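Here is a friendly briefing to read with the model open beside you. Please bring up the sequence and the structure, and we will go from one small spot to the whole chain.

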Amino acid sequence: VGIAEVLRQAMIDHGHLDPHQVSLWVFDECHNAVRHHPFAHMLRKLHTVPEDKRGRILGLTASFDMRGDQANLVRKRKELESLMQATIQSPPDQEPPTKNYERVSYEPPPEALEDWVEAKIIEVLDQVPADLAELISDRKKVISSGKSVWRNLGVTPFLYYVRECIVLHMERFLRNIVMSR
């Protein structure tokens, strides 16, 4: 895997990349492999290797260049097929599948429950022994963040915040204290 020009230099200019030792050449964005592009130089070099000693060549592209007039398109296709020693294949034209989308609306939880949310966060924080109060450096920020998650994202993300952010943070902190002793 590498940048086209770097691979071209390694193969052609410096001889560090021996075409005999590669069993599969994959050219991504192979539509660029024309004229003076590094891919084109590499493919010309590969043609000097006997076919039975040359790796297989796979060219991939999602967008055969459709710019320009028809004559240039035909010329480019012929040049690519010649350099790649291949025939360009593409899937048949077909209608894109229709998708049915379901609209889901989100109603934020009632503001009246924010006091309950704050109480739940404080309940979790209060489970921390007083001598480990440094576990939570800023209680106000933890409470504010929790309320924001509740208000903007709902119940499930809030529970995730409590379980994975607050509790997991405390567990990691405690584990580090135990491991350091």
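Let's start at Gly15: leaving aside its neighbours within four places in sequence, Gly15 is in contact with Gln9 and Ala10, where contact means heavy atoms within 4.5 Å. This is a predicted model, in which local features need pLDDT of at least 70, side-chain atom pairs count only at pLDDT 80 or more, and totals for chains, interfaces and linings use all residues. Residues are numbered from 1 along each chain as its sequence is written, and side-chain values use heavy atoms, with hydrogens and water left out.

**Gly15 and its surroundings**

- Gly15 belongs to the loop between α1 and β1.
- From Gly15 to Arg35 the C-alpha to C-alpha distance is 22 Å, with the two positions 20 residues apart in sequence numbering.

**Overall layout**

- The chain has six helices and two strands; helices (H or I, at least four residues) and strands (E, at least two) are DSSP runs, numbered from the N terminus.
- In sequence order, these elements give the pattern α-β-α-β-α-α-α-α.
- The radius of gyration is 31 Å, well over the 16 Å that the globule rule gives for 181 residues, so the chain is more spread out than a compact globule.
- That radius is taken over C-alpha atoms, and the globule rule is 2.2 Å times the number of residues to the power 0.38.
- The C-alpha trace spans about 75 × 55 × 25 Å along its principal axes.
- Of contacts between residues at least 6 apart in sequence, 67% join residues at least 24 apart.

**Confidence**

- The average pLDDT of the chain is 83, and 91% of the residues score at least 70; pLDDT is the predictor's confidence in each residue, from 0 to 100.
- Among the elements, helix α2 (residues 38-46) has the highest mean pLDDT, 94, and helix α6 (residues 155-180) the lowest, 79.

**Surface and charge**

- Buried residues make up 27% of the 181 in the chain; buried means under 20% relative accessible area, exposed over 50%, and partly exposed in between (1.4 Å probe, protein chains only).
- About 13,700 Å² of the chain is exposed, and carbon and sulfur atoms supply 53% of that area; accessible areas come from the Shrake-Rupley method with a 1.4 Å probe, and for residues only the protein chains shown count as cover.
- There are 24 positive and 26 negative side chains, and the centres of the two sets lie 6 Å apart.
- In that count Lys and Arg are positive and Asp and Glu negative, while His and the chain ends are not counted; each charge is placed at NZ of Lys, CZ of Arg, CG of Asp or CD of Glu.

**Helix α2 and its packing**

- Which residues of α2 are buried? They are Pro38, Phe39, Ala40, Met42, Leu43 and Leu46.
- These buried residues pack against α1 (4-13), β1, β2 (56-60) and α3.
- Leu43, in helix α2, is buried with a relative accessible area of 0%.
- Not counting residues up to four places away in sequence, Leu43 touches Phe27, Ala33, Ile57, Leu83 and Met84.
- Although Leu43 and Ile57 are 14 residues apart in sequence, their C-alpha atoms are 9.1 Å apart in space.

**Glu79 and two positive phi angles**

- Glu79 lies in helix α3 and counts as buried at 19% relative accessibility.
- Setting aside neighbours within four places in sequence, Glu79 is in contact with Val34, Arg35 and Arg44.
- Most residues other than glycine have a negative phi.
- Arg35 is not a glycine, yet has a positive phi of about 50°; Arg35 sits in the loop between β1 (24-28) and α2 and is partly exposed, with a relative accessible area of 49%.
- Gln85, also a residue other than glycine, has a positive phi near 50°.
- The loop between α3 (70-84) and α4 (114-126) holds Gln85, which is partly exposed at 48% relative accessible area.
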